[in-house]
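Biologist: I am new to reading protein structures. Please take me through one, feature by feature.

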Amino acid sequence: MIELFNGYIFFGIFIITLLMGAYYAYRSLLDTKSFMAQYGIHVTAMLPARLAGSLIASITLVGMYILFRENGPEGTWAYFVINFLQAVIFSIFGYLSAIDPEIKELEDVRYTAEAFVVPIVLAILTAVLIYGLADKIFV
């Protein structure tokens, strides 16, 4: 399994990205009220929060499939590119949301740097995976 990911480093990075996805999928799908309360988001936004969680859960489940399939990440470039693009796009809009003056004026809304730092970290990790697994994923 580890050799399919070109060694321990890339295998470990892949596991880290899966754990990040599993954490945020759990928080937004199953621990939704607490997750929303952490940022001061009203419960009426539960459906969009769960929509976001379902997308994260889907990507995480596909990643788990890649982890255990016979050929590992071979030929799965689309999975990695979609993860990278999603993380970059969310980094940009997470940052714009965190600095939005209208949002800052709202009472009880608490957007933090987590809104863009975590996606930046995920984008970097995914970029490293794309580079390190290029011989496998672009088959």
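Modeller: Let's begin with contact, which means heavy atoms within 4.5 Å. This is a predicted model, in which local features need pLDDT of at least 70 and side-chain atom pairs count only at pLDDT 80 or more, while totals for chains, interfaces and linings use all residues. Residues are numbered from 1 along each chain as its sequence is written, and side-chain values use heavy atoms, with hydrogens and water left out.

Biologist: Which residues is T17 in contact with, leaving aside its neighbours within four places in sequence?

Modeller: With those neighbours set aside, T17 contacts L122, L125, T126 and L129. T17 sits in helix 1; helices here are DSSP runs of H or I with at least four residues, strands are runs of E with at least two, and both are numbered from the N terminus.

Biologist: Is T17 buried or exposed?

Modeller: The general idea is relative accessible area, found with a 1.4 Å probe on protein chains only: under 20% is buried, over 50% is exposed, and anything in between is partly exposed. T17 has 12%, so it is buried. Try N83 in helix 4 as well: it counts as buried because its relative accessibility is 11%. Beyond its neighbours within four places in sequence, N83 is in contact with I59 and T126.

Biologist: What would an exposed residue look like?

Modeller: Take Y131, which belongs to helix 6. Its relative accessible area is 72%, so Y131 is exposed. Its C-alpha atom is 9.8 Å from that of F10, although the two are 121 residues apart along the chain. Now look at L47 in helix 3, which is also exposed, at 69%. The C-alpha atoms of L47 and F11 are 34 Å apart, with their positions 36 residues apart along the chain.

Biologist: What is the secondary structure of the whole protein?

Modeller: There are seven helices and zero strands, giving the pattern α-α-α-α-α-α-α along the sequence. The C-alpha atoms fill a box of roughly 50 × 25 × 20 Å along the principal axes. Of the 139 residues, 34% count as buried. Among contacts with a separation of 6 or more, 70% join residues 24 or more positions apart.

Biologist: How many residues are in the largest nonpolar core?

Modeller: First, the general idea: in soluble globular proteins, nonpolar side chains tend to be buried together. A nonpolar core is a set of buried Ala, Val, Leu, Ile, Met, Phe, Trp, Tyr and Cys residues joined through side-chain atoms within 4.5 Å. The largest one here has 19 residues, and F5, F14, L67, Y79, F80, L129 and L133 touch the most other members. Helix 1, helix 3, helix 4 and helix 6 each give two or more residues to this core, and helix 1 has the largest share, with six. L129 is a nice one to click on: leaving aside neighbours within four places in sequence, it is in contact with F10, I13, F14, T17, F80 and A134.

Biologist: How many salt bridges does a search of the whole structure find?

Modeller: Side chains of opposite charge can pair when their charged atoms come close. A salt bridge is a side-chain nitrogen of Lys or Arg within 4 Å of a carboxyl oxygen of Asp or Glu. The search finds one. It joins R27 and D31, whose closest N and O atoms are 3.3 Å apart. R27 counts as buried, at 10% relative accessibility, whereas D31 is partly exposed at 24%.

Biologist: What is unusual to spot in the backbone, say at N6?

Modeller: N6 is a residue other than glycine with a positive phi, near 60°. It lies in the segment before helix 1 (8-29) and is partly exposed, with a relative accessible area of 28%.

Biologist: Thank you! Which residues touch the most other members of the largest nonpolar core, once more?

Modeller: Look for F5, F14, L67, Y79, F80, L129 and L133. Then find R27 and D31 to see the salt bridge.
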